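Q: I'd like a close look at one part of this model, starting in the middle and working outward. Could you walk me through it in plain terms?

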Amino acid sequence: MTRRPFIAGNWKMNTRRDSAVELAGQLVKGVGERSACEVAICPPTVYLSAVSDLLAGSPIELGAQNLYPAADGAYTGEVNAAMLTDIGCRFVILGHSERRQLMGETDAEVATKLQAALAGNLVPIVCVGETLEQRQAEQTEAVVEAQVRGSLAELDEARAAGVVIAYEPVWAIGTGLTATPEQAESVHRSIRQLLAEMFTPEIAGQIRIQYGGSVKPDNAVDLLGQPNIDGALVGGASLKAADFMAIIAAADAVCAT
Ligand code: PEP
């Protein structure tokens, strides 16, 4: 089963307009007309439009970092799927561990957002991952299984293959600590087995599972070379064009093998 590697940059709340436009411009130039792997960038919501304009004609796609799962209405401060597609988004990150931890986002809320994303023609990138305490208590598989089951609870088979999952051990996000390729592959393999149980082995074989957690140019090749790692969700290193380009090049190299 060939899954096209997918590299996404999560800029979080780390740019201003000028730096967002500059970074997007550098990436458009760096990636050129095509890349073997799929590439997306997820700027802060307020800069999506400005970046979207710059991506016209580029294979780099646009993603949002969150959405509110409702149609138009009295939801002060929120942004829905229709608004995101309207300004050129194709992806939306859901259930990032920072939102789970800081905003108390639950699996049930992620499941509702996932439905809203799909209904609005957005591809959800659903984040799951264990904390350090959970890993030390040997609960990694149980925690990740509960998150995957809960977050994909309402997902029907017909749409499952198009969803992206990002396995992001919380202890590796923004810390400089990275799961070893073997540690990451072991969790990715168990997620894929779980997806085969929840859906079918064929569908599980089509779902892309990204790894996230301090992916850098110097560890990308080994991580992306694992059979069940289908790309990366990149935080810090996506803010430096040269580093993000090197990670894209690592994924392109994997495509070529
Ligand atoms: C992330 O926030 O999704 C992430 C993986 O961040 P970093 O690459 O900085 O660890």
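A: **A strand covered on both sides**

Strand β1 has cover on both of its faces: F6, A8 and N10 are buried on one side, and I7 and G9 are buried on the other. Keep in mind as we go that this is a predicted model. In a regular strand, side chains alternate between the two faces of the sheet. With β1, which spans residues 6–10, five of the five residues are buried, so the strand is largely enclosed by the rest of the structure. The cut-off behind that word is a relative accessible area under 20%.

Who are the neighbours of β1? One of them is strand β2 (residues 38–42), which pairs with β1 in the parallel sense over five bridges. If you want a spot to look at, N10 stands opposite C42 in β2. To get from β1 to β2, the chain goes through helix α1 (residues 17–31), and this β-α-β crossover is right-handed.

β1 also pairs with β8, again in the parallel sense, this time over four bridges. Here I7 is the residue to find, as it stands opposite A232 in β8.

**Following β8 to the next strand**

A232 is a handy signpost, as Y211 of β7 stands opposite A232 too. So which way do β7 and β8 run relative to each other, parallel or antiparallel? They pair in the parallel sense, over two bridges, with β8 covering residues 231–234. Between β7 and β8 the chain passes through helix α11 (residues 217–224), making a β-α-β crossover that is right-handed.

β7 itself takes in residues 208–212, and five of the five are buried, so this strand too is largely enclosed by the rest of the structure. Again the cover is on both faces: R208, Q210 and G212 are buried on one side, I209 and Y211 on the other. R208 may catch your eye in that list, and R208 is also the bridge partner of V164. V164 belongs to strand β6 (residues 164–167), which runs parallel to β7 and is joined to β7 by four bridges.

Put together, you can step along the pairings from β2 to β1, from β1 to β8, from β8 to β7 and from β7 to β6.

**Just past β7: S214 and the ligand**

Now step off the end of β7. S214 sits in the loop between β7 and α11, so you'll pass S214 on the way into the crossover helix. At 8% relative accessibility, S214 counts as buried. Its backbone is a bit of an oddity to check: phi of S214 is near 55°, a positive value in a residue other than glycine.

What does the backbone of S214 lie 2.7 Å from? The partner is an oxygen atom of the ligand, and the atom on the S214 side is a backbone N or O. Two glycines do something along those lines. A polar backbone atom of G235 is 2.8 Å from an oxygen atom of the ligand, and a polar backbone atom of G236 is 2.8 Å from a ligand oxygen atom as well. As for how covered the ligand is, taken alone it exposes 290 Å², and the protein buries 97% of that.

The ligand has 14 residues around it, and the ones that come nearest are K12, E168, G174, S214 and G236. Sorted by class, that shell has four nonpolar, eight polar and two charged residues.

**A contrast out on a loop**

To see what the S214 setting looks like by comparison, try E138. Like S214, E138 isn't a glycine and still has a positive phi, about 60° in this case. E138 is also in a loop, the one between α6 (132–136) and α7 (140–151). But E138 is exposed, with a relative accessible area of 72%, while S214 is buried.

Two more loop residues round out the tour. N66 lies in the loop between β3 (61–64) and α3 (81–86), and counts as buried at 18% relative accessibility. T178 is in the loop between β6 and α9 (181–198), where at 24% relative accessibility T178 counts as partly exposed.

Notes:
Residues are numbered from 1 along each chain as its sequence is written. This is a predicted model: local features need pLDDT of at least 70, side-chain atom pairs count only at pLDDT 80 or more; totals for chains, interfaces and linings use all residues. Side-chain values use heavy atoms; hydrogens and water are left out. Buried means under 20% relative accessible area, exposed over 50%, partly exposed in between (1.4 Å probe, protein chains only). Two strands pair if DSSP finds at least two bridges between them. A crossover is right-handed if, with the strands pointing away from the viewer, the path from the first strand over the helix to the second runs clockwise. A residue is near a molecule or strand if one of its heavy atoms lies within 4 Å of it. A polar contact is a pair of N or O atoms within 3.5 Å; within protein, one must be able to donate a hydrogen and the other to accept it, and residues adjacent in sequence count only if both atoms are side-chain atoms. Accessible areas come from the Shrake-Rupley method with a 1.4 Å probe; for residues, only the protein chains shown count as cover. Ala, Val, Leu, Ile, Met, Phe, Trp, Tyr, Cys and Pro count as nonpolar, Asp, Glu, Lys and Arg as charged, and the others, Gly among them, as polar.
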